[in-house]
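Biologist: Please take a close look at a single part of this model. Start from one residue and work outwards through its contacts.

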Amino acid sequence: MALPTPRAGILDIEAYVPGASAAPGSEEVFKLSSNESALGASEKAIEAYKKAGEALYLYPDGGANALREKIGEIHGIDPAQIVCGAGSDEILQLLTNAYVGEGDNIVQSKHGFLVYAIAAQSCGATARFAPESDLTTDVDALLNEVDDRTRIVFVANPNNPTGTYIPESELRRLREGLREDILLVIDSAYAEFVDEADYSAGEGLVSEFENVVMTRTFSKIYGLAALRLGWGYCPVHIADVLNRIRGPFNVSSAAQAAGVAALSDQNFVRQNREHNYEERKFLEQQIGGMGLTFVPSYGNFILVKFPDEEGYRASDIHAYLKRNGVIVREMGGYQLPEYLRISIGPRAGNRKLVDLLTEKFNRE
């Protein structure tokens with residue numbers, strides 16, 4: 001019997017595997033595998049979400065107008081240039097669907113977010129991976145991968161899973177090295193966690209150039225991962241294209257209401273940022289003190305390298321932590337099998353992680 005056949009190349013895509021959520025056998029589980037908000041969500045956002053339940057029979061505002069207005073107010077940008085989506089993932093996929101076709105390619109760093117390559121493959125295109133320098137995006141390497149079939153260059157800044165970033169000057173150098181018909185997409189999912197003076201999330205480049213897009217998410221510092229809410233800041237002509245191909249009601253009423261309320265509670269954002277900074281510093285001190293190597297991070301996670309030694313390899317430590325109720329993220333899919341990515345979690349989870357690692361690596 002003949003079955004419907006997907007387009008050529010679809011079955012070659014390796015499906016994205018999210019961080020694990022369960023640790024069978026453990027009474028208390030700390031999930032440090034998905035870079036979620038350590039402090040949960042703002043109470044204001046939770047209340048707005050509950051309130052939205054009173055109108056479940058109504059379609060959402062297809063233009064997400066109140067949400068776009070609030071984003072524009074908080075970030076000082078034009079709401080007409082904002083497109084909202086079901087997570088920033090949807091914006092990334094819409095951009096790829098709109099600008100990449102059969103035989104084209106996208107360029108990203110070697111250890112960049114896997115969704116970029118998946119989106120390209122789904123359009124019949126290929127992904128070209130640029131080598132990194134000390135697990136940091138290398139602008140020259142990205143430019144070297146660009147050819148006449150390149151349609152989009154993706155840069156996650158800070159990068160997931162490495163936690164490193166490049167300064168605004170390097171982003172500008174990258175943009176100036178690209179043809180005008182190549183789209184530069186700056187994925188700034190972790191921008192709220194960065195305090196460095198030379199860092200920029202990308203708003204200025206979008207305002208200045210016609211081929212730059214910045215994407216952002218509510219899943220990290222705002223703690224709305226379950227609602228799938230993100231947005232892109234685009235030149236007007238690109239926003240017009242995305243609005244033509246996105247679903248007419250792609251962002252739920254509950255997500256829009258919670259997003260507006262979350263943006264209104266910048267005190268919660270400050271608390272979450274401060275928690276992340278202090279706990280990240282604590283974990284880096286403790287992990288470094290055990291003799292383990294880690295990548296200095298500017299996000300809400302740390303990439304930690306484990307020795308190539310029986311019982312102490314990354315896979316061994318992942319299994320050991322999971323047995324004891326702490327879930328972290330394996331990195332084989334990112335070509336970093338000797339590493340584990342550890343999210344900055346609540347204080348109790350971070351302390352349990354340190355206790356377990358101390359027990360394992362205290363070989364005296």
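**From a loop glycine to the nonpolar core**

Modeller: Gly223 counts as partly exposed, at 23% relative accessibility. Buried would need under 20%, so Gly223 at 23% does not qualify. Keep in mind that this is a predicted model.

Gly223 sits in the loop between β7 (212–217) and β8 (230–233). Setting aside residues up to four places away in sequence, Gly223 touches Ser37, Gly40, Ala41 and Phe218. Asp148 is 75 residues from Gly223 along the chain, and their C-alpha atoms are 40 Å apart.

Follow Phe218 next. Phe218 belongs to the largest nonpolar core, which has 49 residues. Ile71, Phe218, Leu224 and Trp231 touch the most other members. Helix α9 (residues 253–264) contributes the most to this core, with four residues.

Now take Ile71. Beyond four places in sequence, Ile71 contacts Gly76, Ile77, Ile82, Cys84, Phe218, Trp231 and Leu263. Phe218 is thus a contact of Ile71 and also of Gly223. Another core lies apart from the largest one. That core has 29 residues, including Leu94, Cys234, Leu336 and Tyr339.

Last, Lys70. Lys70 lies in helix α2 (residues 65–75). Its relative accessible area is 16%, so Lys70 counts as buried. Again leaving out residues up to four places away, Lys70 touches Val260, Leu263 and Ser264. Leu263 is therefore touched by Lys70, a buried residue, and by Ile71.

Key:
Residues are numbered from 1 along each chain as its sequence is written. This is a predicted model: local features need pLDDT of at least 70, side-chain atom pairs count only at pLDDT 80 or more; totals for chains, interfaces and linings use all residues. Side-chain values use heavy atoms; hydrogens and water are left out. Helices (H or I, at least four residues) and strands (E, at least two) are DSSP runs, numbered from the N terminus. Buried means under 20% relative accessible area, exposed over 50%, partly exposed in between (1.4 Å probe, protein chains only). Contact means heavy atoms within 4.5 Å. A nonpolar core is a set of buried Ala, Val, Leu, Ile, Met, Phe, Trp, Tyr and Cys residues joined through side-chain atoms within 4.5 Å.
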